[in-house]
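Please examine the sequence and the structure shown below. The discussion takes up a few local features in turn.

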Amino acid sequence: MNHRRLLAAAVAGATLLLAGLAPAQAQDAKRARLGHSFTDSHPRAVAMKQFAADVAQATGGKVAIDVYGSATLGSEDKMLIAVQSGTQDLYMGALSPIAARRKELQIFDFPFLFASDAEAAHVLDGPVGRRMLDGLADMKMQGLVWAGGAFRNMSNSKRPLASMADMKGLKVRVMQSPMALASFNAMGMNAVPMAFSEVYPALEIKALDGYEHPVVDMYANKMYEVQKYLTITNHVYTPVALVASQKWWASLTPAQQQAVQKAAEQARGLQRREELRQAGEVVAQLKSHGMVVGEMPPAELEKIRAAVQPVVDKNQATVGPDFAKAFYGELASYRAAKR
């Protein structure tokens, strides 16, 4: 065995010891690749590492998940395609790249759908959210959990946004969703659908004026380097999901499937807690890096709501009247219980 092979064997052995697995266990393990687009410090990346560790522990090392972050395995749309084809085993991220084919998912692009994180969690973890995950089966994916989510806000390099009129003409990136595209155009902006991996360079060369994203993601991706103004709007809540390829899922025993599902639910709780904690801290960090932070006045938010309402009304038919009724029914029951 040459030096390189010896070194590789030593690294592999050390990795196994750190993971707490015996070499025999590791040799028998069903290995899986999990991809996401978030940086290592992001709460979602932290949660996925914990998920992998919990799966290994719960299965006695029989299922080993290797986590690849920062879009190492490709953009979100490419990773979703890979999961459907079975060439990637797990994916955690937004499902907006497949919303054109799975119309129900477009409801998450409805502006001002949720008023709080708690409302979103109630619906996502309830029967309507489960129905949406189960509906991925005909796309050859196993929906595990809605793993977390966050409210989106506006940033740009041109000017502060203190009114709807200030938004007019800004060239902004939106998610690759027909509803998102229509909504931002209705606000008077020039909406450009684009894979997230392409956004930073586009902002850097001024091909885009701005984009909209949760503040934690803005900080994690160092958007303060290419964006000057942040406006708190909380206009859309975007959930992320943890999904598996049916091919990989079917390779697991029922006990292993149960362990993976339980670990996914545990990771969901960690992810949400960390997202909320970091969201409370990063606005100050963005300010310290030179971003000018403001809030859209309530009266202007009402104007924005009015501008996008025709788009919402039209797309309720797109997502399905019965589905929209069930979704809004879950929201109404939660709000009634909290009164």
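The paragraphs that follow treat one helix with its packing partners, one histidine, and two pairs of helices.

The model under discussion is a predicted one. A convenient place to begin is helix H4, which spans residues 76–85. Its buried residues are Glu-76, Met-79, Leu-80, Ala-82, Val-83 and Gln-84. These buried residues pack against four strands: E1 (30–35), E3 (90–93), E4 (141–156) and E8. Just beyond the end of H4, Gly-86 adopts a positive phi of about 85 degrees.

Strand E8, one of the elements against which H4 packs, covers residues 229–245 and contains His-235. Is this histidine buried or exposed? The relative accessibility of His-235 is 3%, and the residue therefore counts as buried, the limit being under 20%. A polar atom of the His-235 side chain lies 3.2 Å from the backbone oxygen of Arg-152. Arg-152 also appears among the contacts that His-235 makes beyond four places in sequence, together with Asn-153 and Met-154. The other residues in that set are Phe-110, Pro-111, Phe-112, Phe-184 and Glu-212.

Attention now turns to the packing of helices. Helix H8 (residues 178–186) and helix H13 (residues 298–319) have axes 8 Å apart and pack at an angle of about 155 degrees. Because angles over 145 degrees count as roughly antiparallel, H8 and H13 are described in that way. The crossing of H8 past H13 is right-handed. On the H8 side, the contact is formed by Met-179, Ala-182, Ser-183 and Ala-186, while H13 contributes Ala-307, Val-308, Val-311, Val-312 and Asn-315. Sorted by class, the residues of this contact comprise seven nonpolar and two polar, with no charged residue.

A second pair is formed by helix H5 (residues 117–124) and helix H14 (residues 321–338), which pack at an angle of about 125 degrees with their axes 10 Å apart. This angle makes H5 oblique to H14. The crossing of H5 and H14 is likewise right-handed. Which residues of H5 meet H14? They are Ala-118, Glu-119, His-122 and Val-123, and they face Phe-327, Glu-330, Leu-331, Ser-333, Tyr-334 and Arg-335 of H14. The contact of H5 with H14 has five nonpolar, two polar and three charged residues, whereas that of H8 with H13 has no charged residue.

How values were computed
Residues are numbered from 1 along each chain as its sequence is written. This is a predicted model: local features need pLDDT of at least 70, side-chain atom pairs count only at pLDDT 80 or more; totals for chains, interfaces and linings use all residues. Side-chain values use heavy atoms; hydrogens and water are left out. Helices (H or I, at least four residues) and strands (E, at least two) are DSSP runs, numbered from the N terminus. Buried means under 20% relative accessible area, exposed over 50%, partly exposed in between (1.4 Å probe, protein chains only). A polar contact is a pair of N or O atoms within 3.5 Å; within protein, one must be able to donate a hydrogen and the other to accept it, and residues adjacent in sequence count only if both atoms are side-chain atoms. Contact means heavy atoms within 4.5 Å. Axes are lines fitted to C-alpha atoms, for helices over the stretch in contact, and angles run from 0 to 180 degrees between N-to-C directions. Angles under 35 degrees count as roughly parallel, over 145 as roughly antiparallel, 65 to 115 as roughly perpendicular and the rest as oblique. A crossing is left-handed if the near helix is turned anticlockwise from the far one by less than a right angle, and right-handed if clockwise. Ala, Val, Leu, Ile, Met, Phe, Trp, Tyr, Cys and Pro count as nonpolar, Asp, Glu, Lys and Arg as charged, and the others, Gly among them, as polar.
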